[in-house]
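Student: I would like to go through this structure by asking what lies behind each label. Can we take it step by step?
Tutor: Yes, bring the labels and we will test them.

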Amino acid sequence: MVTPVLAPRDNEAVAQSLLEIAERLEAQDANPFRVQAYRRAAETVRGLGRPVVELLAEQGAAGLEALPGIGAALARAIEQLARTGRLALLERLRSGHGDADAYSTVPGIGPKLAARIRDRLGIESLADLEVAAWDGRLQKVPGMGRGRVRGVRESLAGRFRRGPAGPESARRGPRPDDPPVGELLDVDAEYRRRAREHTLPRIVPRRFNPSHRAWLPVLHTQRQDRHYTALFSNTARAHELGATHDWVVIYRDGDDQWTVVTAGLGPLRGRRIVRGRERECEEHYAAHVAPEQDGPATS
């Protein structure tokens with residue numbers, strides 16, 4: 001498979017992508033202030049007297065943040081759109097979900113290879129894919145040679161606002177800018193409660209949905225200045241294990257993502273935990289008297 005060359009985009013193309021994000025978020029009942037922020041960003045990009053890529057080359061993302069109404073999250077989005085024409089948030093909104101279809105945003109990994117990676121490694125997120133690319137697991141998957149693994153590392157290195165993960169990344173714990181697990185668990189609880197109450201808009205996922213039914217609830221919510229999107233996992237693995245109404249994928253500001261599940265083993269059995277941050281979850285629950293125990297939500 002030939003890795004596609006991602007060409008930079010002009011200001012009008014970037015603005016059109018930002019407007020599309022705004023329209024798709026609005027259709028999902030997202031926070032109207034967030035919708036308006038993307039629309040204002042599109043107007044700002046259109047009104048620039050120079051190409052965005054030129055501004056980035058001279059000043060980096062800081063040059064974008066200096067523009068009116070452009071915060072750090074929008075600056076990252078504009079930078080990715082300008083440099084590559086792609087953005088994980090837009091891919092997810094177009095696909096009707098995200099974590100399964102997000103593989104399509106990684107150059108060199110097509111649908112068949114993505115399915116093979118999920119089946120062999122049980123990987124459900126791009127963050128976990130990055131770790132597997134560094135710890136040797138990904139190279140053991142048929143079709144993932146050294147060159148392709150290197151391409152995955154390079155492609156994902158900037159997605160999560162950190163440098164290359166390295167083999168030790170799976171053991172280093174949370175990053176400084178990670179939200180506390182209590183906040184993620186709170187978003188998870190809000191999502192599953194509102195899914196049970198049928199108060200969330202439902203979208204039509206493209207994968208594993210032959211009847212084209214709008215069954216997948218989507219939540220857009222905010223904690224201070226952090227925007228979150230939550231959805232049930234619609235991956236092959238989730239369907240295989242009957243976990244489509246248990247595993248909840250949470251995205252923050254279109255970049256970072258976490259998966260919250262009901263623990264089946266260990267001291268937290270029956271409790272909701274953030275995958276990869278189990279120790280923090282233990283500490284979180286230990287600090288609370290009689291923490292809530294709740295399993296899968298019902299559709």
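**Labels and their reasons**

Tutor: Start just past helix α1, where Asp 29 has a positive phi of about 60°. Keep in mind that the model is predicted.

Student: What makes the sign of phi worth a remark?
Tutor: Most residues other than glycine have a negative phi, so a positive one stands out.

Student: Which residue follows α5, and what is its phi?
Tutor: Gly 85 comes after α5, and its phi is positive, near 80°.

Student: What is the phi of His 198, and where is that residue placed?
Tutor: His 198 has a phi near 60°, positive in a residue other than glycine. His 198 sits in the loop between α10 and β1.

Student: And what about His 212?
Tutor: His 212 is not a glycine either, yet its phi is positive, about 55°. The loop between β1 and β2 holds His 212.

Student: Why is His 212 called exposed?
Tutor: The cut-off for exposed is over 50% relative accessible area. His 212 has 61%, so the label exposed applies.

Student: How do you know that the length of α1 agrees with a helix?
Tutor: Set the expected span against the model. At 1.5 Å a residue, the 17 residues of α1 should span 24 Å. The end C-alpha atoms of α1 are 25 Å apart, so the two values agree.

Student: Which residues of α1 are buried?
Tutor: Among them are Val 14, Ala 15, Leu 18, Leu 19, Ile 21, Ala 22 and Leu 25. Asn 11, Ser 17 and Glu 20 are buried too.

Student: Why is Val 35 called buried?
Tutor: Buried needs under 20% relative accessible area. Val 35 has 2%, so Val 35 counts as buried. Its place is in helix α2.

Student: What does Val 35 touch, beyond its neighbours within four places in sequence?
Tutor: Val 35 is in contact with Ala 22, Leu 25, Glu 26 and Ala 30. Ala 22 and Leu 25 are also among the buried residues of α1. The C-alpha atoms of Val 35 and Ile 21 are separated by 7.9 Å, with their positions 14 residues apart along the chain.

Student: Does the span test carry over, and how do the numbers look for α5?
Tutor: Helix α5 covers residues 72–84, which is 13 residues, and should span 18 Å. Its end C-alpha atoms are 18 Å apart, so the span agrees.

Student: Which helices do the buried residues of α5 pack against?
Tutor: They pack against α1, α2, α3 and α4. The buried residues of α5 include Leu 74, Ile 78 and Leu 81. Arg 76 and Gln 80 are on that list as well.

Student: Turn to the strands. What makes β1 and β6 edge strands?
Tutor: First, the sheet. It is open, with 6 strands in the order β1-β2-β3-β4-β5-β6, and the pairing is antiparallel. β1 and β6 are edge strands: each pairs on one side only.

Student: How do you know that β5 pairs with β4 and with β6?
Tutor: A pair needs at least two bridges. β4 and β5 have 5 bridges, in the antiparallel sense. β5 and β6 have 3, also antiparallel. Ile 250 stands opposite Trp 258 in β5. Val 261 stands opposite Ile 273 in β6.

Student: Why is β5 described as mostly covered?
Tutor: Of the 7 residues in β5, 6 are buried.

Student: Which helix lies across the sheet strands?
Tutor: α10 lies across β1, β2, β3, β4, β5 and β6, and runs at about 140° to β2. Asp 188 is in that helix.

Student: Why does Asp 188 count as buried or exposed?
Tutor: The relative accessibility of Asp 188 is 0%, so Asp 188 counts as buried.

Student: What makes the link between Asp 188 and Arg 272 a polar contact?
Tutor: The cut-off is a pair of N or O atoms within 3.5 Å. The side chains of Asp 188 and Arg 272 make theirs at 2.8 Å. Asp 188 also touches Val 248, Ile 250 and Val 260.

Student: Last, how much of the whole chain is buried?
Tutor: Of the 299 residues, 51% count as buried. The chain has 12 helices and 6 strands.

Key
Residues numbered from 1 in each chain as written. Predicted model: local features only at pLDDT ≥ 70, side-chain atom pairs only at ≥ 80, totals over all residues. Heavy atoms only, no water. Helix = DSSP H or I, 4+ residues; strand = E, 2+ residues; numbered from the N terminus. Buried < 20%, exposed > 50% of the residue type's maximum accessible area, 1.4 Å probe, protein only. Polar contact = N/O pair within 3.5 Å; in protein donor to acceptor, adjacent residues only side chain to side chain. Contact = heavy atoms within 4.5 Å. Expected span 1.5 Å × (residues − 1). Axes fitted to C-alpha atoms, helices over the stretch in contact; angles between N-to-C directions.
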